[in-house]
Amino acid sequence: MAILSRRIVFLFSVIFLSSSISSLSFSPADEYLVNCGSNVDSTVDNRRFVSDASKVKFFSSEGSVSLQGEDLAPNVPQIYRTARVFARQAKYEFNVREKGTHMVRLHFNRLSSSTIDLNDAEFHVTVNGHVVLRNFNGNNDDSSSKVREFLIWVDVGEVVVRFVPSEDSKLAFVNAIEVISAPKDLIADVATSVSRDGTGKLNGLGKQAMEVVYRINVGGRKVTPFNDTLWRTWVPDDDLFKTVDASSHKAYFTGRIKYRPGGASREVGPDNVYNTARVGNAMSWDFPVSTGYKYLIRMHFCDIASKSLGMLYFNVYINGNLAYQDFDISDATGYVLASPYYMDFVVDLTADSNNPLGSSITVSVGPSNKTSVDEHRVDAMLNGVEIMKMNNSMGSLDGFVSTDMILTSCPNRRNLSIFIAMVAFMCIFMSFYVVVQRKKVRDDISWTKLPMDVRQDNLKSGNQFSARKP
């Protein structure tokens, strides 16, 4: 009964926090929300997506069409009911005022239609010179819409998103696009590299292109864009949590999360991530990833379980390697309980690029030698995890290929132009041929003489020329 009461109180606190977040929303300098292929604007999670057919022209393509989905469930959001479909290379251009990291989210839902078969979709996507998707078909593995999120450094005054069909017979499509300038503190420029050889400092992260691969709310429920100041989605960790330990449990906090200067801001992580956690002795999470890239691993901490300060010490491990020893969360947060903090680590999986089975990243926390012996102690805890793929040496997030290679191998524009010219020529030729044939028929009717030996039975049978006697 006591557990049920605590959960009810927790749910009420979540509702209260959700209603208060809207008043604390981040106001980006640049924000584009585009409903692709639609003639009307749409509202999703209190956000207005503008039709790409509006007066403000975002895209340029001579071969695009809008597609309306068929047989969709009533609860499908409006932005997933239409799509912009391209038969040739196309691009969306967004002017930006602020230099720095921008969040680019691409929404895909492969619609069913009797007019266009999106089973023929296969395409590449580039953003400001970075290959972000290659040979993508928009296939929804879980039969639902798919969002791909990227963090792109922008210093040229615009964000250009290109869609390139992989072959002449293939199509490209997109349902919605978001381009939003990120807070200055979202991506720190320095992280700790972790390997078998130890740890070190890695600089220059701020200008890397990244793809968000995982965003996990440890011990908590799904957090939707409506409850996140940056409109992100955080999913529960149940499928990734690998430790079976009777001592581990979920922790819930109904008080106020105390954000402070120098710690994590609400834009780094929302309240609904920091007010839940897993607490235990030794815990691990396993994340399958692609090889051939470096990965940024962000771990979120907020001590919502300790009874007092100075009692929580633990170690952090990445792939079994010690990443941080004797982490003192009280010292890191300025000796304030329920104050959020995060740490960034980088692992290099480029050496495993020849592994066809891919790889995985294992994140673990466990007690340190400084862990308190008090019976009310907390051995280790974790509130959230984010894993982001970093661009490789070719500037790509999907394969060892550059944007120039993608654009030079795209369907031949010249071939398309020749085809269109040939169709136009054939139309003109056929029109000319029809005119000539009609004129010839008229000439034959006007000048052909009746034969002198027309038999009487032919006249009686209704000869077509019998009405024209000499």
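A polar contact is a pair of N or O atoms within 3.5 Å, where within protein one atom must be able to donate a hydrogen and the other to accept it. The exercises below apply this and related criteria to a predicted model.

**Exercise 1. Describe the surroundings of aspartate 52, and state which polar contacts its side chain makes.**

Solution. Begin with the position: aspartate 52 sits in the loop that runs between strand 3 (47-51) and strand 4 (59-60). Next, take the accessibility: the relative accessible area of aspartate 52 is 0%, and because buried means under 20%, the residue is classed as buried. Then look at the polar atoms of the side chain, one of which lies 3.1 Å from the backbone nitrogen of glycine 37, a distance that falls within the 3.5 Å limit. The side chain of aspartate 52 is also joined to the side chain of tyrosine 92 by a polar contact of 2.8 Å. Finally, list the wider surroundings: once neighbours within four places in sequence are left aside, the residues in contact with aspartate 52 include Val34, Asn35, Cys36, Ser38, Phe58, Phe59 and Arg84, and both polar partners, Gly37 and Tyr92, appear in that set as well.

**Exercise 2. In what order do the strands of the five-stranded open sheet follow one another, and where does tyrosine 92 stand?**

Solution. The order of the five strands is 4-7-12-9-10, with antiparallel pairing. Strand 4 and strand 10 (130-136) are the edge strands, since each pairs on one side only. Moving inward, strand 7 (residues 90-95) and strand 12 (residues 158-165) run antiparallel and are joined by six bridges. Tyrosine 92 faces valine 161 of strand 12, and the side chain of tyrosine 92 is the one that makes the 2.8 Å polar contact with aspartate 52.

**Exercise 3. Determine which side chains of strand 21 are buried and which are not, and identify the strand with which strand 21 pairs.**

Solution. The starting point is a general one: in a regular strand the side chains alternate between the two faces of the sheet. Applied to strand 21 (residues 283-289), this pattern places Met283, Trp285, Phe287 and Val289 on one face, where they are buried, whereas Ser284, Asp286 and Pro288 point to the other face and are not buried. The pairing is then read from the bridges, seven of which connect strand 21 with strand 26 (residues 359-367) in the antiparallel sense. Within that pairing, aspartate 286 has threonine 362 of strand 26 as its bridge partner.

**Exercise 4. Characterise the largest cavity by its volume and by the residues that line it.**

Solution. The structure contains two cavities of 30 Å³ or more, and the largest holds about 40 Å³ of space. Its lining consists of Met103, Glu149, Leu151, Leu186, Arg215, Arg232, Glu386 and Met388. Sorted by type, these residues comprise four nonpolar, no polar and four charged. As for the elements that provide them, strand 11 (146-154) and strand 28 (384-390) each contribute at least two residues to the lining.

**Exercise 5. Trace the contacts of aspartate 228, and find how its side chain leads back to the lining of the largest cavity.**

Solution. Aspartate 228 occupies the loop between strand 17 (210-217) and strand 18 (235-236), and its relative accessibility of 2% makes it count as buried. Its side chain has a polar atom 2.7 Å from the backbone nitrogen of leucine 230, and makes a polar contact of 3.0 Å with the side chain of arginine 232. Arginine 232 is one of the residues that line the largest cavity, which supplies the link sought. Beyond four places in sequence, aspartate 228 touches Trp234 and Pro270, and its C-alpha atom lies 7.9 Å from that of glutamate 267, although 39 residues separate the two in sequence.

**Exercise 6. What is the sign of phi in aspartate 45 and in tyrosine 335, and how accessible are these residues?**

Solution. As a reference, most residues other than glycine have a negative phi. In aspartate 45, however, phi is positive, near 50°, and in tyrosine 335 it is likewise positive, about 55°. Aspartate 45 belongs to the loop between strand 2 (42-44) and strand 3, while tyrosine 335 belongs to the loop between helix 3 (329-332) and strand 25 (340-348). The relative accessibility of aspartate 45 is 35%, so that it counts as partly exposed, and tyrosine 335, at 46%, is also partly exposed.

Technical notes. Residues numbered from 1 in each chain as written. Predicted model: local features only at pLDDT ≥ 70, side-chain atom pairs only at ≥ 80, totals over all residues. Heavy atoms only, no water. Helix = DSSP H or I, 4+ residues; strand = E, 2+ residues; numbered from the N terminus. Buried < 20%, exposed > 50% of the residue type's maximum accessible area, 1.4 Å probe, protein only. Pairing = 2+ DSSP bridges. 1 Å grid on protein atoms, 1.4 Å probe; cavity = no way out; pocket = protein on both sides within 12 Å on 5 of 7 lines; lining within 4 Å. Points joined across faces, edges and corners; volume = space filled by probe spheres on them. Nonpolar A, V, L, I, M, F, W, Y, C, P; charged D, E, K, R; others polar. Contact = heavy atoms within 4.5 Å.
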